[in-house]
Amino acid sequence: MKIVVIGGTGLIGSKLVNKLRQLDHEVISASLESGVNTITGEGLNEVLKDAHKVIDVSNSPSFEDKAVMEFFQKSTLNQLTAEASNGVKCHVALSIVGAERLPKSGYLRAKVAQEGLIKESGIHYTILRSTQFFEFASRIAKDATTGNEVHISSAAFQPIASEEVAAALADIAIGPSLNAAVEIGGPVRMPMAEFIRYYLTATGDSRKVIADEHALYYGTELNDESLVPGENARLGKIKYEDWLSTQLVKA
Ligand SMILES: NC(=O)c1ccc[n+]([C@@H]2O[C@H](COP(=O)([O-])OP(=O)(O)OC[C@H]3O[C@@H](n4cnc5c(N)ncnc54)[C@H](OP(=O)(O)O)[C@@H]3O)[C@@H](O)[C@H]2O)c1
C-alpha cells in the first residue's frame, strides 16, 4: 500500500513515517522540504500518483486567526482535490479533541473547518482527534507568559505522548476508513495549570504559574469538559512524569 504522509517531517509526521515503514508499507514523506506545498499545490499531483491513502499531519506555520484558517482551508481543499483526481481511497487527518466546543479560538475554528471539508468531500476518511501532546507544554507556557508570570487555565487537561498519537494514526491508516472521528487522550486528567507548573519546575524554569479559571487558551476560556476526551476515547499509557524524566536524561 502506498501511503503519503503530508507533513512527514513534523513532530507527529516523522514518527508516523517510521512506524509505517516498519510495517513494510511504501511510505512517502511529503512536505515543503521534499518539494510538496499544499498551499500552492506544487508537487501534490506527482506525489499522490498511485497512492492509496493520504495522512495529513501538516500544521500552519502561523497560529494567527486569519492565517491559520487560510492554511487549513486551502491546504485541505488542495489535498482533497488532488486525491479525487488521483483516485486516492482514504484521507486520514489529525484534529483536536473539543475543537467544536471552543469557537472563540481561531486555531480551533480552523481545525473544525478542516474537519468539515473532509466530511463533505465524498472521499472516505478517518479523523483522529487528539488531546494536546506532551511536547506542547513549552509553547503553551510561552504563549501565556507575561513578564515572569504564566497565566494558565485551571480547567481539566489530559495530554498525551506524541509517539502514542503517531502509533494510533499508523493503526488507523492501515485499517478500513471509519468515515467518522475518533478520539485519543493521555492516561491522566489534571488541571492544565498543574501540568504547566510541573513542566516548568522539572525543567528549572523560574517562571511562576498563576492558575486562573478565566485565563485564555488560544483565545478562549475553558471549562472541565472543553479539552478532555469522551468515554469511548483510546487512552495512551505513558505518564507525563515518566516521559519528561526520559527526555531530561536524553537532553
Ligand atoms: N500540538 C498539539 O498538542 C496537537 C494536538 C492535537 C492535534 N494536533 C494537530 O497535529 C498536527 C501535526 O502537528 P505537529 O506538531 O506534528 O506539526 P509540526 O511539527 O509543526 O509539523 C508541521 C509539518 O507541516 C509541514 N508543512 C507546513 N506547511 C506546509 C505546506 N504548505 N505544504 C506541505 N507541508 C507543510 C511541515 O513541513 P516542513 O518541515 O517541510 O516545513 C511539517 O512537516 C496539526 O494539524 C495539529 O493541529 C496538535
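Helices (H or I, at least four residues) and strands (E, at least two) are DSSP runs, numbered from the N terminus. This is a predicted model, in which local features need pLDDT of at least 70 and side-chain atom pairs pLDDT 80 or more, while totals for chains, interfaces and linings use all residues. Residues are numbered from 1 along each chain as its sequence is written, and side-chain values use heavy atoms, without hydrogens and water.

Q: Where does Thr 203 lie relative to α7 and β11?
A: Thr 203 is in the loop between α7 (192-202) and β11 (208-211).

Q: Why is Thr 203 called partly exposed?
A: Buried means under 20% relative accessible area, exposed over 50%, and partly exposed in between (1.4 Å probe, protein chains only). Thr 203 has 34% relative accessibility, so it counts as partly exposed.

Q: What makes the approach of the Thr 203 side chain to the backbone oxygen of Tyr 199 a polar contact?
A: A polar contact is a pair of N or O atoms within 3.5 Å; within protein, one must be able to donate a hydrogen and the other to accept it, and residues adjacent in sequence count only if both atoms are side-chain atoms. The side chain of Thr 203 reaches the backbone oxygen of Tyr 199 at 2.7 Å, and therefore the pair falls within the limit.

Q: Why is Gln 158 called buried?
A: Gln 158, in the loop between β8 (156-157) and α6 (162-174), counts as buried because its relative accessibility is 5%. Its side chain reaches the backbone oxygen of Gly 186 at 2.9 Å.

Q: Which residues come nearest to the ligand?
A: A residue is near a molecule if one of its heavy atoms lies within 4 Å of it. Of the 27 residues around the ligand, Thr 9, Leu 11, Ser 31, Ser 58 and Tyr 107 come nearest.

Q: How do you know that Tyr 107 makes a polar contact with the ligand?
A: An N or O atom in the Tyr 107 side chain is 2.6 Å from an oxygen atom of the ligand. A backbone N or O atom of Glu 33 lies 2.9 Å from a ligand oxygen atom.

Q: What makes up the shell around the ligand, by residue class?
A: Ala, Val, Leu, Ile, Met, Phe, Trp, Tyr, Cys and Pro count as nonpolar, Asp, Glu, Lys and Arg as charged, and the others, Gly among them, as polar. On that basis the shell has 13 nonpolar, twelve polar and two charged residues.

Q: Which element gives the largest share of the shell around the ligand?
A: The largest share, three residues, comes from β4.
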